[in-house]
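Thanks for coming. I will go through one structure today, starting from a single residue and working outwards. Please have the sequence and the model open.

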Amino acid sequence: MADTSLPAAAPAVAALAEAAAGPPVRPGGRGRRIAWAVLTYTLLTLGALVMVLPFLDMLLGALRTPAERLARPPVYWPRDPQWGNFVRVFDELPLLRWLANSLGVTAAITVLQILTSAMGGYALAKFHFRGRLGMFRFAVGAQMFPFFIFLIPWFFILRYFPLVGGNNLLGVGGMGLLGSYAALVLPFAVSWYGIFLMRQFFLAIPDELLDAARMDGAGEFYIFFRIALPLVGSGLATLAIFVFLYHWNEVLWTMTVTRTAPDLQTLPVGIYLLRGAFEQEATKSLQQAAICVSVLPVLIVFLALQRYYVASVTSGSVKG
Amino acid sequence: MRAFLSSKKAAPWLFLSPVILFALVFFVLPVVFAAYVSLTTWDSLTPPRWVGLRNYEYLLTRDPVFLRTLWQTLYFAIGTLAIGVPLALVLAYAFSRSRHQGLWRVLYTVPMVTNIVAIGFIFWFVFRQTDGLLNRVLGLFGLPGPGWLTDPGLAMTSAILVFVWMELGRNMLLFAAGLGSIDESYYEAAKLDGAGHWQLFRFVTLPLLRPTLLFVVITGFISGMSYFTLMLVLFPGTQGGPSRAALTTGQYMYQMAFEDLRMGRASAVSYILFALVSVVTLIQLRVMRRGGVDAH
């Protein structure tokens, strides 16, 4: 185990040396300062190991040979790493189909939520109309409703949606929207939190700017899309990255509506529902390879955009 | 008509129209529908039959499993907070005084962007009794390796540990943001009065961190009370862990609805759970407010 800790520990050791040398550790005796630095970085390093080791455990698992798994006692460090498992798993499971579904569904939800949140937030922030306060309170209050309340009713609303999927005007005859991508996307078309967040960003735009455009004869939609929207770009990015990562990893609802529709399953849901294919110990390396594949795309997106993501996490706690 | 549609008077309603439409179909209708269904017995194949409050009466007085799941759910929600919040706070304290924050941030937030199926399976392997990573590490120290996922007395605790692991980065970032917003002058003043490290933490940091603490505790409690996707993956092929020891109310409702097709009773479960969560959240808000906080 000792050698896995090295990569994570190396920067910590360097930081330790730096911290011992100067601020920003709070003043005090030099000995105390070093003691605090040691404590700080030991804690952070230990925590980081606990965060990272389970992932390495999964990677090692994906690289084991069936013989190594069946050996008594089982082999931990793969002697002959099976990198080929990452190729083979694409033959064994419809990973590309699941990947495409994940990408399509998540992109659709993100675009819809961005659009509805921006429009809704803009209306609540920049117009004075009867009912504005009521609408705002509704958006805030709706956030209080937990997701599990909606599982059953959403299922049947989609099932009995009129005039689609073989249903007649009364919503009977077919399967409605169940079994279509709409079942995965529509229930998440609006985010109350998103409206709330975008409203905050639009509040920062001065009214004079929009009124000046109105004086020049610009239409309301032109003002929204061409003037207001570009000014909240960072807000849109924050919301987009948050929504994308959240829905890429959404499992419960997708599983509920795609249990009988394998063509619509997303990456995590497919891996979960097909777990029966890996009951045999010898095949578990492939299962772990599939899990690696499901983690990797979003990890790359996250690493590229982590600055925005961090902003989106902490923005929820800021006083509204 | 065209002139009206592009006027300033109509604009907010046009901008809000998708939201209003959505609210009617996917919010108001479901809330009313679920309330109605909870007063019926309905297998989703034949028309629902009105039974009044009988589902609620059955769950609260006769169902032996339901009350047990409520306790187990509370144990899970409170356990994750009791372990996770102090841990995140201590780490945030260390984090906000460290260098290379970008690196630490990435390491601690990776679980937040990992899908729950992957997390569940990762820990299913980590927790394996004979050859899992955790018991191997315990073995290095000569400690016995328990059956984390197979021992009914441990199953829910294992789920708590995974959940704490998942949420640690988020809570640490929230606390770090809270710590960062505390003005340095408070510390200077306290230090002039001779306050030590512990006193600084107890009398300056903690009171000023209350809004963040409130936010973390309340959102954590709500998500802990409604959570069960992790348990589905950690305990595959069971009805909520060994001897149902990791069965939460949410999962009980899910099984009732989508496996046993008891939509009426399941809807009643969801409303009871919702009521419970709301009441506890209001109490938390009240208590924290009395402590001099007015967040949100």
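Let me begin with A:Phe242. Leaving out residues up to four places away in sequence, A:Phe242 touches A:Tyr193, A:Tyr309 and A:Ser312. The residue sits in helix α12 of chain A, which covers residues 233-248. Its relative accessible area is 25%, so A:Phe242 is partly exposed. For a sense of distance, take A:Phe161, which is 81 residues away from A:Phe242 along the chain; the two C-alpha atoms are 30 Å apart.

I should say now that this is a predicted model.

Next, chain A as a whole. How many helices and strands does chain A have? There are 15 helices and zero strands. Chain A has 320 residues, and 51% of them are buried. If we take the contacts in chain A with a separation of 6 or more, 65% are between residues 24 or more positions apart. The accessible surface of the chain is about 14700 Å², and carbon and sulfur atoms account for 68% of that surface.

Now the interior. The largest nonpolar core has 193 residues. Which residues have the most contacts inside this core? From chain A they are A:Tyr122, A:Trp192 and A:Phe202, and from chain B they are B:Tyr108, B:Phe123, B:Phe175 and B:Leu230. The element that gives the most to this core is helix α8 of chain B, residues 155-180, with 15 residues. Domain 1 (2-63) and domain 2 (93-315) of chain A both give residues to the core, and therefore the core lies between these two domains.

One of those core residues is worth a look. Apart from neighbours within four places in sequence, B:Phe175 is in contact with B:Val85, B:Ala88, B:Leu89 and B:Ala92, and also with B:Leu209, B:Thr212, B:Leu213 and B:Val216.

From the core to the surface. A nonpolar patch there is made of A:Phe138, B:Leu24, B:Val28 and B:Val32, with about 320 Å² of accessible area together. Helix α2 of chain B, residues 11-37, gives the most to the patch, with three residues. B:Leu24 is in that helix.

Last, the charged pairs. Side chains of opposite charge can pair when their charged atoms come close. Over all chains the count is nine salt bridges, and I will show three.

The first slide has A:Arg88 and A:Glu92, with a salt bridge at 3.8 Å from N to O. Why are these two about one helical turn apart? They are four residues apart in helix α4 of chain A, residues 85-92, and so about one helical turn separates them. A:Arg88 is partly exposed at 43% relative accessible area, and A:Glu92 is partly exposed as well, at 47%.

Then B:Glu57 and B:Arg62. Their closest N and O atoms are 2.8 Å apart in the salt bridge. B:Glu57 is partly exposed, with 36% relative accessible area.

The remaining pair is B:Asp131 and B:Arg128, whose side chains form a salt bridge at 3.2 Å, N to O. Are these residues buried or exposed? The cut-off for buried is under 20% relative accessible area. B:Asp131 has 14%, so it is buried, and B:Arg128 has 15%, so that residue counts as buried too. Both belong to a network of salt bridges that links A:Arg69, A:Glu281, B:Arg128 and B:Asp131.

That is what I have. Questions, please.

Notes:
Residues are numbered from 1 along each chain as its sequence is written. Chains are lettered from A and ligands numbered from 1 in the order in which they are written. This is a predicted model: local features need pLDDT of at least 70, side-chain atom pairs count only at pLDDT 80 or more; totals for chains, interfaces and linings use all residues. Side-chain values use heavy atoms; hydrogens and water are left out. Buried means under 20% relative accessible area, exposed over 50%, partly exposed in between (1.4 Å probe, protein chains only). Contact means heavy atoms within 4.5 Å. Accessible areas come from the Shrake-Rupley method with a 1.4 Å probe; for residues, only the protein chains shown count as cover. Patches are made of residues with over 30% relative accessible area and no salt bridge: like charges are joined within 9 Å, nonpolar side chains (Val, Leu, Ile, Met, Phe, Trp, Tyr) within 5 Å. A salt bridge is a side-chain nitrogen of Lys or Arg within 4 Å of a carboxyl oxygen of Asp or Glu. A nonpolar core is a set of buried Ala, Val, Leu, Ile, Met, Phe, Trp, Tyr and Cys residues joined through side-chain atoms within 4.5 Å. Domain bounds come from an automatic or database domain assignment.
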